[in-house]
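Q: I'm new to reading protein structures. Could you walk me through one, feature by feature?

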Amino acid sequence: MEDTGEIWELRLYIAGKTAKSVAALGNLKKYCEEYLKDKYVIEVIDLLVHPQLAEGDQILAIPTLVKKVPEPIRKIIGDLSNKEKVLVGLNIRPAKKQE
């Protein structure tokens, strides 16, 4: 991953303090600290509090992580427990070649 000095803008959509939502936020923070130290902002949006915000990013499932910046915009659904899938999905790490 080249260092562009850009701040990563991540938005995590949850619905209350469910086990999946708490796990997703914990996993996301862990990955960010490890791979994006001091270069990220996490905005957590609770759709129980702000249901109207789901429409803007076309959120269909919870929890959903949306990477706004750097582009391209990416979405990852679930509790983010699969580290490899999250890193590849966010374009932090290239996909491993299947042999």
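Q: Let's begin with one residue. Where does D57 lie?
A: A residue can sit in a helix, in a strand, or in a loop between them. This is a predicted model, and in it D57 is in the loop that runs between β2 and β3.

Q: Is D57 buried or exposed?
A: For that you look at relative accessibility, and the cut-off for buried is under 20%. D57 comes in at 7%, so it counts as buried.

Q: Which residues does D57 touch?
A: Leaving out residues up to four places away in sequence, D57 touches R11, Y13, V66, K68 and K75. With K68 there is also a polar contact between the two side chains, at 2.7 Å.

Q: I keep hearing about strands pairing up. What holds them together, and which way can they run?
A: Strands of a sheet pair through backbone hydrogen bonds, and they can be parallel or antiparallel. Let's see both kinds here.

Q: OK, which way do β1 and β2 run?
A: Strand β1 (residues 8-14) and strand β2 (residues 40-46) run parallel, with 7 bridges joining them. If you want a spot to look at, find L10, whose bridge partner in β2 is I42.

Q: And in which sense do β1 and β3 pair?
A: Those two are antiparallel, over 5 bridges. Look for R11, which stands opposite V66 in β3. Then keep going across: V66 stands opposite K75 in β4. You've met these names already, as R11, V66 and K75 are among the residues that D57 touches.

Q: How many bridges join β3 to β4?
A: There are 4 bridges between strand β3 (residues 64-69) and strand β4 (residues 74-77), and the strands run antiparallel. One of the pairs to look for is K67 with its bridge partner R74 in β4. The link from β3 to β4 is a hairpin of 4 residues.

Q: Now put the strands together. What order do they have in the sheet?
A: To read a sheet, walk across it from strand to strand rather than along the chain. Here the walk goes β2-β1-β3-β4, in an open sheet of 4 strands with mixed pairing.

Q: Which strands stand at the edges, and why is one side of each left without a neighbour?
A: β2 and β4 are the edge strands; each has a single partner strand, so one side of each has no neighbour in the sheet. As for the twist, the average is 20° from one strand to the next.

Q: Where do the helices come in?
A: Try following the chain from its N terminus: the elements run β-α-β-β-β-α. That comes to 2 helices and 4 strands. Helix α1 (residues 19-35) joins β1 and β2 in a right-handed β-α-β unit.

Q: Which strands does α1 lie across?
A: α1 lies across β1, β2 and β3, and it runs at about 175° to β2.

Q: Can we try a residue in that helix? How exposed is E34?
A: E34 is found in helix α1. Its relative accessible area is 47%, so E34 is partly exposed. Its side chain makes a polar contact of 3.1 Å with the side chain of K83.

Q: And what about E71, is it buried or exposed?
A: E71 is in the loop between β3 and β4. With a relative accessible area of 66%, E71 is exposed. Sequence and space are separate things to check: E71 and E9 are 62 residues apart in sequence, while their C-alpha atoms are 9.8 Å apart in space.

Q: What percentage of the contacts join residues at least 24 apart?
A: If you take contacts between residues at least 6 apart in sequence, 62% join residues at least 24 apart.

Q: Last one: how much of the chain is buried?
A: Buried residues make up 33% of the 99 residues. The accessible surface comes to about 6300 Å², with 53% of that belonging to carbon and sulfur atoms.

Definitions and conventions:
Residues are numbered from 1 along each chain as its sequence is written. This is a predicted model: local features need pLDDT of at least 70, side-chain atom pairs count only at pLDDT 80 or more; totals for chains, interfaces and linings use all residues. Side-chain values use heavy atoms; hydrogens and water are left out. Buried means under 20% relative accessible area, exposed over 50%, partly exposed in between (1.4 Å probe, protein chains only). Contact means heavy atoms within 4.5 Å. Accessible areas come from the Shrake-Rupley method with a 1.4 Å probe; for residues, only the protein chains shown count as cover. Two strands pair if DSSP finds at least two bridges between them. A crossover is right-handed if, with the strands pointing away from the viewer, the path from the first strand over the helix to the second runs clockwise. A polar contact is a pair of N or O atoms within 3.5 Å; within protein, one must be able to donate a hydrogen and the other to accept it, and residues adjacent in sequence count only if both atoms are side-chain atoms. Axes are lines fitted to C-alpha atoms, for helices over the stretch in contact, and angles run from 0 to 180 degrees between N-to-C directions.
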